[in-house]
Amino acid sequence: MTSAIDPCSFSSFSSCVTKHLNLTFHVDFDSHVLKAKVALTVEVLVDHFTSLTLDTKDLKVSKVTANGQAAKFTLGPKHSFMGTPLEITLPFDLSRGQHVIVEVTYETAPNASALQWLTPEQTAGKKHPYLFSQCQATHCRSMVPCQDTPAMKHTYYAQVSVPKELVAVMSAVRDGEEPDPQDSSRAIYRFRQPVPMPSYLIAIVVGALESREIGPRSRVWSEKEFVDKAAYEFSETETMLKTAEGLAGPYVWGQYDILVLPPSFPYGGMENPCLTYATPTLLAGDRSLSNVIAHEISHSWTGNLVTNKTWEHFWLNEGHTVYLERMIGRSMESEQFRQFKAMGGWKELQESVNTFGANNPLTNLVPNLNEVDLDEAFSSVPYEKGFALLYHLEELMGGPEVFMGFVKSYIQLFSYSSITTEEWKHYLFTYFKNKVDILNKVDWNAWMHTPGMPPVKPQYDSTMADACIALCKRWVKTKEGDLGNFSEWDVKTLSTHQLIEFLSLLLQQEPLPLSHVKRMQEVYQLNSFNNAEIRFRWLRLCVKSKWEDAVPMALKMATEQGRMKFTRPLFKEVYNFDKYHEEAVRVFVAHRAAMHPVTANLVAKDLKVDNDKST
């Protein structure tokens, strides 16, 4: 075993491990807090064990017991982003192999970084408040005192008291509901998660939710305004699950539900077991964005079942998940489609490297995260640099079928555990023991520990990309007098994926002259597209070219939804348009209170707005 050190956690996990959490939440919408209790079943790993440390962040702890006896506790100094260690002294000492139940009674803070409380006005229905959590990477500690490290996996049971007109769901199997015996205006929902999982996958959502069945083991949840549209969008879920099982082995989590969140959710999706979160920006009406769901489904194996031991090894979660997601695309579409998506991913990687800077150590596949705020380190590097490495190895080892054999075997071997890059690499060399001479020629140091782009650029099949590349070149090279040569037929045969790729290619070029983007709108009518991926790229392109009409549309998109992938670049693009620098700041400040705390914090940094004001 590798040494148990996680630079992102205070918890003492070399001396004890959490096996189970029993959670009791009382959701208080008036004060925006969870009044809570957690009982941690802890297994002791050393003799003469008398104290343990848990991660917390902005929690108000009122009482701690150990096996029912009062235990002394102190909260250590507060760290700027890691929170506060909760030091617990047991009233007895324990030996290796023994268990203790540590119960903490506490309350979350109204500004807990894991929780977003929405007013009725911020929901689709406008009648009821709404709560959702987002614990990845290190925010669970603001909701539950725990060993908040992916090295630790545990089962959990929860009971949640909510106003009876609302519904609670969690990243677990539903285990019934009943009136709250203490308060007739409330109901209690129960949940159980029998598969051990890390703390960052604990999730809770409370709102005026409805659900529709979309498959034998799947429902879609959302406010009633979106639920039928969501059921239509995600109707291919069971096909994807079956395809993934064919590639990676049995799905062990029982239920696979999808929850469409309100627009302020900061990510495209989140792979909470039994309850994948999805952004409403996916409800574009053309089913082109199912790769987000393919990605979250893939996490059921890579990430949730086999987990990175610490966040430095995040690429193990994300690189393998992108690889599996594209293998699902290959099975459901074609190998050319997989190659096309891989080319797009390489461009996203290039953009992340450009944003961070080619010498920034955060562009290492395995970065050093000492004193690094993980929210600021988040990028496509672990996803796309990780995928590029796996694809490179696939080519060296004998193609997709051969390499997928390794991935499936790796998942089987390391299921239910958390591992490091070294353990992954050791197994790679063991599995391909007849090809060790080829593996030894890989420049592992350049791939893993060197910033910037990978040492090898894979040669992807460009069949599906060629039309996008050709159209991009035409626009870049055409003089103003020849703009009449473009017509709506240029894009009629392009798929949604290809149109996204065409706009992505243009974004990598110098800004187009204003006359060109105006002509593009005339012939392609891009303003009328509702697909969020197309709209996002198109509006960035317009603002880059200093088209003033696009500025209000860009700011509208940046504030109507809160997906960071869209919101941050749109704000930055307007901010960089000198004439609208102050307008970007003004709109951000006006909308800041409605944003997710992580998004608000990062946009404030992007726009150099004072971050001390509360979000």
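**Close-up 1. β3 and strand β7 pair side by side in a three-stranded sheet.** In this predicted model, seven bridges link β3 with strand β7 (residues 84-94), and the two pair in the antiparallel sense. Two of these links are easy to find by residue. Asp55 has Pro85 of β7 as its bridge partner, and Leu52 has Ile88 of β7 as its own. For readers new to sheets, strands pair through backbone hydrogen bonds, either parallel or antiparallel. Here the full sheet is open and has three strands, in the order β3-β7-β6, with antiparallel pairing. β3 (49-56) and β6 (72-75) each have a single partner strand and stand at the edges, so one side of each has no neighbour in the sheet. From one strand to the next, the twist averages 20 degrees. Although β3 stands at an edge of the sheet, six of its eight residues are buried, so the rest of the structure largely encloses this strand.

**Close-up 2. A second open sheet has four strands.** Follow the strands in the order β9-β10-β15-β12 and you will have traced this open sheet, where the pairing is antiparallel. Which strands stand at its edges? They are β9 and β12 (167-170); each has a single partner strand, so one side of each is left without a neighbour in the sheet. The twist here averages 15 degrees from one strand to the next. At the β9 edge, four bridges join this strand to β10 (residues 130-133), and the two run antiparallel. One pair to look for is Leu118 with its bridge partner in β10, Tyr130.

**Close-up 3. Pro129 sits in the loop between β9 and β10.** This view centres on a single residue of that loop, Pro129. Is Pro129 buried or exposed? With a relative accessible area of 22%, Pro129 falls in between and counts as partly exposed. Leaving aside neighbours within four places in sequence, Pro129 is in contact with Phe29, Leu118, Thr119, Pro120, Leu166, Val206 and Gly207. One of these contacts, Leu118, is also the bridge partner of Tyr130 in β10. To connect this view with the sheet of the opening legend, find Ile88, which pairs with Leu52. Pro129 and Ile88 are 41 residues apart in sequence, and their C-alpha atoms are 36 Å apart in space.

**Close-up 4. Two loops hold backbone details worth a pause.** In the loop between β10 and β11 (154-163) you will find Ala137. The peptide bond leading from Gln136 to Ala137 is cis, and its omega is near 5 degrees. The other loop joins β1 (16-28) and β2 (33-44), and His32 has its place there. His32 is not a glycine, yet its phi is positive, at about 55 degrees. This residue is partly exposed, with a relative accessible area of 28%.

**Close-up 5. Helix α20 is mostly covered, and Lys608 follows in the segment after it.** How many of the 10 residues of helix α20 (residues 597-606) are buried? Eight are, which leaves the helix mostly covered. The buried residues are Pro597, Val598, Thr599, Ala600, Leu602, Val603, Ala604 and Asp606. Their cover includes β9 (115-118), α6 (374-377), α18 (564-576) and α19 (581-591). β9 is a familiar name by now, as it is an edge strand of the four-stranded sheet. Just after α20 comes Lys608, with a positive phi of about 55 degrees. Lys608 is not a glycine, and at 66% relative accessibility it counts as exposed.

**Close-up 6. The second largest pocket is lined by 29 residues.** The last view turns from strands and helices to empty space. Rolling a probe the size of a water molecule over the atoms shows where such space is left. The second largest pocket has a volume of about 810 Å³. Which of the lining residues lie nearest its centre? Look for Pro263, Pro280, Thr281, Glu560 and Gln561. Helices α1 (224-233), α16 (532-544) and α17 (550-560) each supply at least two residues of the lining. Among the contributors, α17 gives the most, with six residues. Sorted by class, the lining has 14 nonpolar, nine polar and six charged residues.

Methods
Residues are numbered from 1 along each chain as its sequence is written. This is a predicted model: local features need pLDDT of at least 70, side-chain atom pairs count only at pLDDT 80 or more; totals for chains, interfaces and linings use all residues. Side-chain values use heavy atoms; hydrogens and water are left out. Two strands pair if DSSP finds at least two bridges between them. Axes are lines fitted to C-alpha atoms, for helices over the stretch in contact, and angles run from 0 to 180 degrees between N-to-C directions. Buried means under 20% relative accessible area, exposed over 50%, partly exposed in between (1.4 Å probe, protein chains only). Contact means heavy atoms within 4.5 Å. On a 1 Å grid over the protein atoms alone, a cavity is a set of points where a 1.4 Å probe fits but cannot get out, and a pocket is an open set with protein on both sides within 12 Å along at least five of seven lines; lining residues have an atom within 4 Å of a point. Grid points are joined across faces, edges and corners, and a volume is the space filled by probe spheres set on the points. Ala, Val, Leu, Ile, Met, Phe, Trp, Tyr, Cys and Pro count as nonpolar, Asp, Glu, Lys and Arg as charged, and the others, Gly among them, as polar.
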